[in-house]
Amino acid sequence: MNRISPLAALISVLLPTSVLAQTIEGTVVNNNGLAVAGAKVEVEGVGVETTTDKAGRFTFTDLVEGKNELHISSKGFAHLHQDISVPAQGTKQVEFILQRSPIEVIDVYATPIHMSVMESASPVSVLTGETLRRQQASTLGDSLEKLPGVQSNFHGGVASTPIIRGLSGPRVLISQNGLDVSDVSRVGPDHSVASEASTAQQIEVLRGPATLFYGSGAVGGVVNVVDGRVPTDNTTRGEWLLETSSVDDKKLGSFNLTTGYESFAFYADGYWRESNDYEVPVTPDIDSDEPQDHIVKNSAEKSDGITLGTSYLFDQGYVGVAVEQFNREYGIPGHSHGDSEDENVYADLEQTRVQLLGELNVDSKWISKINLRGGFTDYEHAEIEEGAVGTLFENETHEIKLDFIHNPIADWNGGISFHYKNSDVAAQGEEAFTPPSEAQTIALAIMEEKHFGDVLLQFGGRIERVTIDASNVLLPTLDAHGHDEEEGEDEHDHDHDHEEETELTRVFALDHEFTPVSLSAGLVWDFTSGYNLGLSISRSERAPSAAELLSFGAHIGTGTYEVGALFALDDDGSSIGLTEENIDLETANNIDLTLRKTQGDIGFVFNAFYNQVDNYYYQTATGLFAESGHDHEHEHEESGVEEDEHSDELPVYLFQTDDVILHGFEAQIAWQATDTFKATLFSDYVRARLKDGGDLPRTPPLRFGTQFSYETAHLSAHLDITRYQEQDRVSSDETATDGYTLVDASVSYDLPVSNQDIAVFLKGNNLTDTEARVHTSFLKDIAPRPGRNISIGVRGNF
């Protein structure tokens, strides 16, 4: 409905043209004609936005004459894009009708162009609000594993990282407000992610290549933790949480607060968590017919953190800084050498992180907005064995991103992004299997989008210069052998040979430079009312990480002796030297096809993908074994246990390259049966194989499940049933994993108290006490999922 109001007509008669503004007045209503309060209305491409009042009204003044695109969004409704024509003078009135959506449509923050769950050409998932609080866990991987396409490598519940479509490690970037979290979690599965879910506002997952926004380290996807640590307004608000759990005696407390005065905004958050070794379901003991309880040793943790932030607010935007101190001590399950019992081994993690964020709306002919993101991270991770530091990991990172968003050019919206990152990573000690190295990235990217009627077209490109420098690369003369080769070998001669090999270790410098180029194109077609079809095609290149190239040593967290791709077996397969192969870029060619129903009582998202990765870096078993380098002879003497001849040996795994294919699907269907009851079904699957035959290791199994939700003004109840199928598509050096079913439930009741909304809640996980072993975990045989767990807590918002 478009019309000129009588008041506007009267003003146009009484006032001269020079004082008239180009004004849009409008209302936002639902399909029953009722006002939608708090809806966000944004003018695309110019950084101007507002929210509707209680009557659903909004106003824009001083808009540019001509066609403008408005984007209207509100919780529980499908987003709406609408072109409007702004008059040369006077006021124009409009009305927008939002349609109900059973799948919540949430915007992604850390991308320079607009992206949301139901509108992007690339598949996106977002965890936020009450759903985030209900699913948050001690680790990032366990917090996200109920999202379609995302599973956890479950490292004993203390260092679990997310797996996206079968990819993890250096192919999945973990970021915070768009900046690399800059820990060492991508180096090994026993290294925790230095980010906390309990103080986050939302967590975004971009499935498939996200290299345009984040760089070549995101060839498999991105997990972006969004928080308000650099505040963008001075509205006083906050959140707090207290929780305890039975399976590990966990105790958790967290808070965040935003406030301010006039042009200044302030932020603070903090959390504290402590837990013991967790219990696993009752299983028969190998020496007894009677069942007994078990715990996973070295699975306890204690962590805390605090953040202070402040911003200066002005008419054209804001600029602010936040400083975070993150501390975590956690056990390392399975960290044993030989046949000895698990030692008291734990990691002591400390990180100081400084973030600088800013946004400036520019009144110029070409540029409409400039986004600034900068970060400095000082990370330290010590692995403590028997009270002494066994290995020390350090990472110092400087990073800056600048996005220049231009004014619409022939209705194209987008911009140019500059990115710089420098990371100094070092490891010292018995398990320093990768030498110190410096990695630097300089990148330029362009991203553009335009609506052609019912079709949204998106495209982009990125070019990077990546350098890896290491001045102390080690090439020992490794005593690697098959077990059948060393029978009868004299113990004394073996030790003597080891000493000679240490003396023959070669030390040399390495300087590698790569130029990854990534290209992407996609479209979203609203082919009929309430439905859209998304197509995304990308070609992404990735430089190998320092760990993939330079590793040469024992990695107890994975139970292997790792050798990087810079090295190779000699012709007879008995010794290791420098490779004669070229060190090439990894190239991923990915296609995504998505069908969505965005409106009505039933909504769905069906996504299919096909990803061919050429020159894929992965580890393969060589059939050789090498000493771990740890001397635990005294432990056997004290315990009276006879030492096995192979007790201190690890299988040698070599990084090599091959062409692989990953394909699969994600599906989600939601039915809003009534205003209070909703049922959701989901499933995901990935098939990961070598192009010439064979399976990649630790590939997530087929999974499907359902959630039933009942929500009223004060009561919220949820029942989740998830089935993990058997995984028997395995590589030659792993075993199949049985399937299992998990049943989780939660109930929450709101108690309005004064100016706060307080909720008491009860959660149950693995209610059937099922023994569940995670196929993607390096520790599946010694660290299954926790048994039945009951959590109670209280949280508040003000």
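Here are three short exercises on strands, cores and a surface patch, each with a worked solution.

This is a predicted model, in which local features need pLDDT of at least 70, side-chain atom pairs count only at pLDDT 80 or more, and totals for chains, interfaces and linings use all residues. Residues are numbered from 1 along each chain as its sequence is written, and side-chain values use heavy atoms, with hydrogens and water left out.

**Exercise 1. Follow strand E15**

Find which strands E15 is joined to by bridges, and name a residue pair for each.

Step 1. Start with the terms: strands (E, at least two residues) are DSSP runs numbered from the N terminus, as are helices (H or I, at least four residues). Two strands pair if DSSP finds at least two bridges between them.

Step 2. E15 (residues 237–245) runs antiparallel to E16 (residues 251–261), with eight bridges joining them. Here Glu239 has Asn256 of E16 as its bridge partner.

Step 3. Look at the connection: E15 and E16 make a hairpin with five residues between them, and Asp249 in the turn has a positive phi of about 55°.

Step 4. Now turn to E43 (residues 789–797), which is antiparallel to E15 and joined to it by seven bridges. In this pairing, Thr244 stands opposite Ile792.

**Exercise 2. Sort out the cores**

Which element gives the largest share of the largest nonpolar core?

Step 1. A nonpolar core is a set of buried Ala, Val, Leu, Ile, Met, Phe, Trp, Tyr and Cys residues joined through side-chain atoms within 4.5 Å. Buried means under 20% relative accessible area, exposed over 50%, and partly exposed in between (1.4 Å probe, protein chains only).

Step 2. The largest core has 31 residues, and among those touching the most other members are Val473, Leu550 and Phe552.

Step 3. Elements supplying at least two residues each include E27 (455–475), helix H6 (546–550) and E37 (649–672). The largest share, five residues, is from E27.

Step 4. Do not merge in the second, separate core: it has 21 residues, including Ile103 and Leu206.

**Exercise 3. Place Val323**

Where is Val323, and is Val323 buried, partly exposed or exposed?

Step 1. Val323 lies in strand E21.

Step 2. Val323 counts as partly exposed because its relative accessibility is 42%.

Step 3. Val323 also belongs to a nonpolar surface patch, together with Phe264, Phe266, Tyr312, Val319, Val321 and Leu356. Patch members have over 30% relative accessible area and no salt bridge, and nonpolar side chains (Val, Leu, Ile, Met, Phe, Trp, Tyr) are joined within 5 Å.

Step 4. E21 gives the most to this patch, with three residues.

How values were computed
Patches are made of residues with over 30% relative accessible area and no salt bridge: like charges are joined within 9 Å, nonpolar side chains (Val, Leu, Ile, Met, Phe, Trp, Tyr) within 5 Å. Accessible areas come from the Shrake-Rupley method with a 1.4 Å probe; for residues, only the protein chains shown count as cover. A salt bridge is a side-chain nitrogen of Lys or Arg within 4 Å of a carboxyl oxygen of Asp or Glu.
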